[in-house]
Amino acid sequence: MPTPLKPRFDIFYRHDALTQLLFDYAAAHPQLVSVESIGKSYEGRDIWVATLTNLATGAPQDKPAFWADGNIHAAEVTASTAVLYYLHQLVDAYGSDGEPGRRITQLLDTRTLYLCPRLNPDGAELALADRPRHIRSSTRPYPFDEPAFEGLTVEDIDGDGRVLSVRIPDPHGTYKRHPQEPRLMVPREPGEFGGAYFRVIPEGTIKAFDGLSITVNRDPEGLDLNRNFPTQWRQEFEQVGAGPYPASEPEVRAMVDFFVGHRNIGAAISYHTHSGVILRPFGTHSDDEMIPEDLWAYQRFGEIAEKATGYPAISIFHEFKYHPKEVITGTQDWVYEHLGALFWVVEIWAPNKEAGITDYKWVDWYRDHPVEDEIKLLKWSDEQCGGKAHVDWKPFHHPQLGAVEIGGWDRLNYWRNPPPHLREREAARFPDWMTQVALSLPRLELLRTEVRALGPDTWRVRLAVANSGWLPAYISKRALQRKVVRGVMFEIHLPEDNPAISLVGGKQRIEGPQLEGHAPKHSLHAFVQGRDVTADRAVAEWVVRAPQGTRLALSARADRAGAVRTEVSLD
Ligand SMILES: [Zn+2]
């Protein structure tokens with residue numbers, strides 16, 4: 001019995017340690033876990049996917065599958081923690097009694113999970129470096145690759161490993177000290193004058209400073225990998241960070257290729273930080289334009305998500321626009337929009353909620369909120385975070401600006417990611433929901449085989465299968481509309497070199513219907529669910545000429561519901 005692995009969830013693993021951990025899981029549980037590289041990052045790091053399923057009950061590709069990834073945005077490293085946490089729970093609870101062991105055993109016996117803890121390893125490595133940089137991108141310079149000759153480059157300049165803010169006294173400044181809480185910088189009121197004001201800029205060095213003008217340089221790594229997917233992709237002038245063309249970036253290409261090569265994926269979640277919300281499609285259209293059956297499925301799983309995680313589940317278009325007149329395109333929403341698989345983005349962690357601010361809109365709050373909210377946040381920093389979420393201002397001699405102060409909110413460690421002591425608690429919100437979604441995936445099962453003699457060497461062979469999942473085999477009406485899933489494909493396997501065996505009725509490969517799941521069409525059973533009350537079942541039939549006693553292989557596969565293989569004996 002191998003010693004159980006005990007990863008830490010209060011630290012962030014760098015690439016080498018993450019790699020080691022994943023391979024340790026595979027080595028400790030070879031019947032449940034395998035690890036493969038699905039591609040290499042810009043700098044040549046492997047992008048790892050752990051595949052989890054019980055190999056004794058079938059190969060990964062023969063089972064319906066659920067995908068979870070994290071950390072496509074460089075500094076959102078808690079997203080990796082959430083995926084690792086789930087991986088750990090799956091191997092830890094498999095085969096154990098009680099919950100969640102019972103459900104996880106069923107899950108890994110009947111479904112496959114593809115877990116990609118870190119889609120953007122180069123960017124994460126930079127965020128976790130000893131002198132970190134908080135970019136969003138991978139590390140490929142884009143759209144231009146010249147180094148900056150002027151402007152402010154955001155970086156840690158006092159060597160404390162944090163990138164905070166710099167405040168400079170300035171009568172034209174936007175911020176002032178809060179009257180009761182002078183550590184806090186709060187906005188000046190409209191028409192206000194005569195006080196002590198400050199200009200607040202990011203911590204960093206300024207090249208070619210003329211003594212007056214400061215512009216903050218865009219990161220030379222100006223990609224946003226989550227704008228590089230094929231769905232409604234738009235060029236840079238309309239969509240910042242888009243990349244030169246869809247899936248141009250190796251990290252995005254790896255994920256896209258993996259999905260295209262794994263037609264069994266029926267549902268997927270991408271972890272990000274932060275806001276403490278669960279986001280669903282559409283990002284660019286109103287719910288009125290979603291196929292109602294799909295919307296209802298999203299609403300159902302949204303209710304489950306809210307109950308399981310404590311996060312609200314909302315539409316991106318209706319409730320999570322960064323600007324009310326602008327939409328975001330070229331995103332991982334590709335998974336639903338093109339493939340018709342269920343897809344969510346989870347934005348882990350909400351510091352404002354942590355501080356007791358409950359009544360707020362996720363994006364709008366950052367633009368404008370009452371000053372009292374910041375007092376609450378400061379109190380939270382002092383009492384719960386040892387005063388580290390908001391760092392008190394301290395004098396610093398800035399190489400270009402002279403005497404300034406450095407301090408303010410620590411965005412990477414307390415806003416973009418939860419503080420160490422809360423990371424595991426946040427990551428623990430999601431497994432139950434993910435397990436329930438994955439257990440709802442369609443699953444093809446063998447109902448029965450039948451063989452009937454029609455003559456001394458002529459046989460009627462039937463193969464009946466059923467979808468035992470809650471969801472239909474095609475997952476969503478969107479998938480049908482986009483023609484990305486076929487009906488159940490039946491096949492009879494006849495030996496090619498035996499002239500005594502031939503097919504006299506039926507085709508060797510038969511496309512059957514799309515199988516429904518057991519999701520109710522009406523909650524009240526008295527209202528009939530349509531006429532086709534066994535729409536979860538399908539039967540294929542062949543007439544075969546063959547000597548008595550011949551054994552024949554039969555199979556059935558539904559893209560998103562897995563495969564069934566069996567044998568019949570003609571007698
Ligand atoms: Zn993100």
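This passage walks through the sheets, helix packing, backbone details, aromatic pairs and enclosed spaces of one structure. The model is predicted, with local features requiring pLDDT of at least 70, side-chain atom pairs counted only at pLDDT 80 or more, and totals for chains, interfaces and linings drawn from all residues. Residues are numbered from 1 along each chain as its sequence is written, and side-chain values use heavy atoms, leaving out hydrogens and water.

Secondary structure makes a convenient starting point. Helices (H or I, at least four residues) and strands (E, at least two) are DSSP runs numbered from the N terminus, and two strands pair if DSSP finds at least two bridges between them. Strands of a sheet pair through backbone hydrogen bonds, either parallel or antiparallel. Strand β1 (residues 33-40) and strand β2 (residues 46-52) run antiparallel and are joined by six bridges, with Val-33 standing opposite Leu-52 in β2. Five residues separate the two strands of this hairpin, and Gly-44 in the turn has a positive phi of about 90°.

An open sheet of six strands follows the order β8-β7-β9-β6-β16-β15, with antiparallel pairing. Its edge strands are β8 (185-187) and β15 (390-398), each of which pairs on one side only. From one strand to the next the twist averages 40°; axes here are lines fitted to C-alpha atoms, for helices over the stretch in contact, and angles run from 0 to 180 degrees between N-to-C directions. Within this sheet, strand β6 (residues 165-169) and strand β16 (residues 402-409) run antiparallel through three bridges, and Ser-165 stands opposite Gly-407 in β16. Helix α11 (residues 371-384) lies across β8, β15 and β16, running at about 85° to β16; contact means heavy atoms within 4.5 Å.

Another open sheet has four strands in the order β21-β19-β23-β24, again with antiparallel pairing. Strands β21 (509-511) and β24 (562-569) stand at the edges with a single partner strand each, so one side of each is left without a neighbour in the sheet. The twist in this sheet averages 15° from one strand to the next. Three bridges link the antiparallel strands β19 (residues 489-493) and β21, and Phe-490 stands opposite Ile-510 in β21.

Some backbone details deserve a look of their own. The peptide bond joining Thr-273 and His-274 is cis, with omega about -10°, and His-274 is found in the loop between β11 (265-273) and β12 (277-280). A cis peptide bond also runs from Pro-281 to Phe-282, with omega near -5°; Phe-282 lies in the loop between β12 and α6. Ile-475, a residue other than glycine, has a positive phi near 75° and lies in the loop between β18 (458-467) and α15 (477-481).

Both partners of the Thr-273 to His-274 bond reappear around Arg-416, which touches Ala-75, Glu-76, His-134, Thr-273, His-274, Trp-349 and Arg-411, not counting residues up to four places away in sequence. Arg-416 is placed in helix α12 (residues 411-416). Its C-alpha atom is separated by 9.0 Å from that of Ile-348, 68 residues apart along the chain.

Aromatic pairs number 21 in the structure; rings of Phe, Tyr and Trp (its six-membered ring) pair if their centres lie within 6.5 Å, and planes under 30 degrees apart count as stacked, over 60 as edge-to-face and the rest as tilted. The rings of Trp-67 and Phe-259 have centres 5.0 Å apart and planes at 70°, so this pair is edge-to-face. Because Trp-67 lies in strand β3 (residues 65-70) and Phe-259 in helix α5 (residues 250-261), the pair ties together parts that are 192 residues apart in sequence.

Finally, the enclosed spaces were mapped on a 1 Å grid over the protein atoms alone: a cavity is a set of points where a 1.4 Å probe fits but cannot get out, a pocket is an open set with protein on both sides within 12 Å along at least five of seven lines, and lining residues have an atom within 4 Å of a point. Grid points are joined across faces, edges and corners, and a volume is the space filled by probe spheres set on the points. The second largest pocket holds about 600 Å³ of space. Its lining has 21 residues, of which Glu-293, Trp-296, Ala-297, Ala-519 and Pro-520 lie nearest the centre. Helix α6 (residues 292-309) gives the most to this lining, with seven residues.
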